[in-house]
Amino acid sequence: APLPVPTLSGPAVACASSTGNLYVTEAGMTGYSWTVSAGGIITAGGTSSSNTVTVTWNTPGAQTVSVSYTSAAGCQAASPSAYNVTVNPLPVPAITGSASVCSGSAGNVYTTQPGMAGYTWNISAGGTITAGAGTNSITVTWNTAGSQSVSVNYSNASGCAAATASVFNVTVNQSAVPVITGPEAVCAVSTGNIYSTQTGMTGYSWVVSLGGIITSGAGTEAITVNWNTIGTQWVEVNYTNVNGCSATSPSQLNVTVNPLPDPAGSISGTSVLCTGETGIAYTCAPVNGATYYVWVLPAGATIASGNGTNSITVDFASNASSGDITVSGNNLCGNGPVSPNFPVIVNPIPVAPVVNATGMMLTSSAAAGNQWYFSASQGGSGNLIPGATGQEYSATQTGWYWCVVNLGGCSSDSSNHQYLQMVGVPELREGYVTVYPVPNDGLFTVSISSHSTGPFTIRVFSGLGVQLFEVRDIHVTGKYEQQIDLRPAPAGLYTVVVSNGNNRVLKKVLIRK
């Protein structure tokens with residue numbers, strides 16, 4: 001019988017470290033004898049009774065599998081049959097790119113060998129692939145500071161992939177986080193406002209909105225700003241920290257630039273008053289932007305209520321002076337423009353007059369401004385005598401008399417009170433007085449009969465005490481008559497007073513129309 005010639009089938013090309021490579025020869029034989037070259041290891045089969053062998057190829061290069069057996073006829077192959085296997089090496093992907101980056105940075109490119117197939121990229125949880133997946137080059141955004149990594153695998157031209165993906169370690173440094181401190185509420189046209197950030201950095205870059213001007217410190221950790229425009233403004237800064245990282249975007253601090261209050265409007269209130277008056281009201285319209293109101297008063301005037309508001313009451317001391325009242329709105333930024341002047345005339349209280357009586361003639365020590373009062377009883381409130389405003393007043397009835405001086409709208413205290421007793425006809429012992437006709441239309445005659453030569457005085461008063469007629473220095477020789485014409489005096493009861501020294505005669509005259 002002929003000698004057998006074993007045949008082999010199986011993968012003629014394999015990758016290094018590949019497992020499960022199955023090689024087969026004829027079945028039904030005996031005495032199988034399998035051998036593999038040094039680059040491989042039999043992992044299954046390959047026994048004397050097995051017509052198959054499973055091989056793991058460890059070493060790249062030319063390798064062989066060989067087999068011999070005894071045929072059914074009992075003949076053994078003259079020599080083992082050899083099967084040549086090419087074991088291709090595994091690829092070792094190389095990765096290039098930035099090994100030190102900043103958190104929040106985008107556009108970081110990582111590259112491996114081109115011309116391969118099945119590129120598989122993976123990155124650690126702190127990053128995101130933004131482009132290039134499935135190609136030999138990816139773009140990554142790094143979000144989280146710390147140790148991160150990029151890995152890749154692929155199949156080379158021989159169809160072999162690396163046993164494990166290549167890993168490229170990346171250090172993601174913490175980006176800068178600038179913090180700005182400084183005044184967040186300022187006033188319009190304020191200067192010297194200082195804004196600062198962390199020290200010890202480089203590349204400080206400050207920007208302010210159009211409503212402000214950096215006057216010093218640009219390029220350092222602190223700047224000085226003048227704010228000119230009211231409203232919402234801002235300050236921005238960026239820098240490079242010790243890791244060489246800047247903030248992904250500048251830090252910003254919002255600043256509110258507040259205005260001064262608007263100009264205060266006109267003041268309303270009492271413009272002429274007397275010293276010693278209290279509770280005098282003054283007000284102005286509310287001022288836009290004002291949280292407080294600043295009032296300026298003449299000397300001797302003080303705010304009694306409403307201080308800090310737009311409506312106050314004022315007390316004027318006994319020594320208060322005339323002058324101007326002004327007001328201005330105030331807020332944290334200061335006083336706004338002041339109101340127009342409101343002139344106040346403060347008149348003094350007149351000195352209380354002193355009243356002297358000569359007979360029935362009352363005389364005030366005040367030359368002007370007198371107003372006479374009468375009361376029938378002591379301590380009575382008294383009645384104003386209409387028209388009785390002269391320095392002198394001739395009493396017409398028994399009772400108490402006094403006067404008050406009114407000047408510049410201000411009234412004095414009451415004068416001393418004088419009591420006068422009317423003296424009737426019996427006091428004119430040597431004669432008598434008659435008036436006729438009674439009643440009349442305003443034209444009547446006063447007749448005096450007396451042995452005393454005088455001098456006599458005749459006066460006529462209205463029912464309100466106003467003197468309407470007077471004639472003095474009358475000398476009587478037996479009899480004297482004086483015609484009096486009060487026409488067109490209104491109808492009413494009038495009083496005729498005839499006096500001679502301390503003697504008085506009162507006659508009532510009724511005028512009818």
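Reader: What makes strand 11 and strand 12 a hairpin, and which residue in the turn has a positive phi?

Author: Strand 11 and strand 12 form a hairpin with five residues between them. Gly-132, in the turn, has a positive phi of about 90 degrees. Bear in mind that this is a predicted model.

Reader: How do you know that strand 11 and strand 12 pair?

Author: Two strands pair if there are at least two bridges between them. Strand 11 (residues 127-131) and strand 12 are joined by four bridges, so they qualify as a pair, and they run antiparallel. You can look at Ala-131, which stands opposite Thr-139 in strand 12.

Reader: What joins strand 9 to strand 12?

Author: Four bridges again, with strand 9 (residues 108-111) and strand 12 (residues 137-142) running antiparallel. To find the place, start from Tyr-110, whose bridge partner in strand 12 is Ile-138.

Reader: Why are strand 31 and strand 35 said to stand at the edges?

Author: Start with the sheet. This open sheet has three strands in the order 31-32-35, with antiparallel pairing. Strand 31 (355-358) and strand 35 (392-394) each have a single partner strand, so one side of each is left without a neighbour in the sheet. Neighbouring strands here are turned by 20 degrees against each other on average, direction ignored.

Reader: How many bridges are there between strand 31 and strand 32?

Author: Strand 31 and strand 32 (residues 361-364) have four bridges in the antiparallel sense. With a threshold of at least two bridges, that counts as pairing. Val-355 stands opposite Ser-364 in strand 32.

Reader: Which strands stand at the edges of the sheet with the order 1-7-6-3?

Author: That one is an open sheet of four strands, with mixed pairing. Strand 1 (13-15) and strand 3 (30-36) have a single partner strand each, so they stand at the edges with one side free of a neighbour in the sheet. The twist from one strand to the next averages 25 degrees. Inside the order, strand 6 (residues 61-70) and strand 7 (residues 81-88) pair antiparallel over seven bridges. Val-67 stands opposite Ser-81 in strand 7.

Reader: Why is Ser-50 called buried?

Author: Buried means under 20% relative accessible area. Ser-50 has 13%, so it is buried. Ser-50 sits in the loop between strand 4 (40-45) and strand 5 (52-57). Leaving aside neighbours within four places in sequence, Ser-50 is in contact with Tyr-32, Trp-34 and Gly-45. A polar atom of the Ser-50 side chain also lies 2.8 Å from the backbone oxygen of Thr-52.

Reader: And Ser-175, is that one buried or exposed?

Author: Ser-175 has a relative accessible area of 7%, and the cut-off is under 20%, so Ser-175 is buried. This serine is in the loop between strand 14 (166-173) and strand 15 (185-187). Not counting residues up to four places away in sequence, Ser-175 touches Cys-102, Ser-103, Gly-104, Asn-241, Cys-245 and Ser-246.

Reader: What makes the link from the side chain of Ser-175 to the backbone oxygen of Ser-103 a polar contact?

Author: The limit for such a pair of N or O atoms is 3.5 Å. The Ser-175 side chain reaches the backbone oxygen of Ser-103 at 2.3 Å.

Reader: Why is Ser-17 called partly exposed, and Asp-473 exposed?

Author: Exposed means over 50%, buried means under 20%, and partly exposed is in between. Ser-17 has 44% relative accessibility, so it counts as partly exposed. Asp-473 has 57%, so it is exposed. As for backbone, Ser-17 has a positive phi of about 75 degrees although it is not a glycine. Asp-473, not a glycine either, has a positive phi of about 50 degrees. Ser-17 is in the loop between strand 1 and strand 2 (18-24), whereas Asp-473 is in strand 42 (residues 467-474).

Reader: How does the radius of gyration of the protein compare with that of a compact globule?

Author: A compact globule of 513 residues would have a radius of gyration near 24 Å, but the protein has 64 Å. The C-alpha atoms fill a box of roughly 210 × 50 × 35 Å along the principal axes. The protein has zero helices and 45 strands, and 41% of its 513 residues count as buried.

Notes: Residues numbered from 1 in each chain as written. Predicted model: local features only at pLDDT ≥ 70, side-chain atom pairs only at ≥ 80, totals over all residues. Heavy atoms only, no water. Helix = DSSP H or I, 4+ residues; strand = E, 2+ residues; numbered from the N terminus. Axes fitted to C-alpha atoms, helices over the stretch in contact; angles between N-to-C directions. Buried < 20%, exposed > 50% of the residue type's maximum accessible area, 1.4 Å probe, protein only. Polar contact = N/O pair within 3.5 Å; in protein donor to acceptor, adjacent residues only side chain to side chain. Contact = heavy atoms within 4.5 Å. Rg over C-alpha atoms; globule rule 2.2 N^0.38 Å.
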